[in-house]
Amino acid sequence: MLCFNIYAACPISFEFQNYTVVTTQCRGPQYPAKQCCEALAQFACPYSDYVNDLTTDCASTMFSYINLHGKYPPGLFASECNGDKNGLPCPDSAQSESANANNSHMSCRLSPILMIATAIMGILLLLL
């Protein structure tokens with residue numbers, strides 16, 4: 001069975017972002033919800049237009065890299081960080097200023113490591 005990605009590729013290169021705002025403020029073993037959610041909002045708000053766009057894979061890509069860099073338990077942010085119907089609240093200035101500043105640095109390169117890992121996973125799935 002072939003599976004096709006129904007989402008458009010994210011125009012933000014989350015692979016090369018600086019995750020220290022999250023990884024320094026959201027630490028285990030307790031993972032304090034207030035600190036973790038504030039750090040997540042601080043990191044994600046500049047990209048909120050992209051992360052909230054359900055036609056792209058931006059949200060899943062961003063969380064994959066956050067979890068990769070912070071080695072967080074699965075579902076930590078989903079279970080701890082509850083926003084409103086529009087997600088986590090973001091200050092208006094953080095959305096527009098930071099997103100505009102980062103637009104000039106966008107890259108649509110695929111990570112060789114991710115491509116190799118995907119290929120290995122595909123081969124393993126075929127063998128099972």
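Here are three short exercises on this predicted model, each with a worked solution.

Residues are numbered from 1 along each chain as its sequence is written. Local features need pLDDT of at least 70, side-chain atom pairs count only at pLDDT 80 or more, and totals for chains, interfaces and linings use all residues.

**Exercise 1.** Find which disulfides join Cys 10 and Cys 45 to their partners.

*Solution.* Start with a search of the whole structure for disulfides (cysteine sulfur atoms within 2.5 Å); it finds 4. Next, take Cys 10: its partner is Cys 58, at an S to S distance of 2.0 Å. The torsion about this S-S bond is about 100°, so the disulfide is right-handed. Then take Cys 45, which is joined to Cys 90 at 1.9 Å. With -85° about the S-S bond, that link is left-handed. Finally, counting bonded cysteines along the chain gives the pattern 1-6, 2-3, 4-7, 5-8.

**Exercise 2.** Work out which residues touch Ile 66.

*Solution.* Use contacts (heavy atoms within 4.5 Å), and do not count residues up to four places away in sequence. The list is then Tyr 19, Val 22, Leu 40, Phe 43, Lys 71, Tyr 72 and Phe 77.

**Exercise 3.** Locate the salt bridge of Glu 38 and describe its setting.

*Solution.* Apply the rule (a side-chain nitrogen of Lys or Arg within 4 Å of a carboxyl oxygen of Asp or Glu); the count comes to 1. The partner of Glu 38 is Lys 34, at 2.5 Å, N to O. Now check accessibility, where buried means under 20% relative accessible area, exposed over 50%, and partly exposed in between (1.4 Å probe, protein chains only). Glu 38 is partly exposed at 43%, while Lys 34 is exposed at 59%.

How values were computed
Side-chain values use heavy atoms; hydrogens and water are left out.
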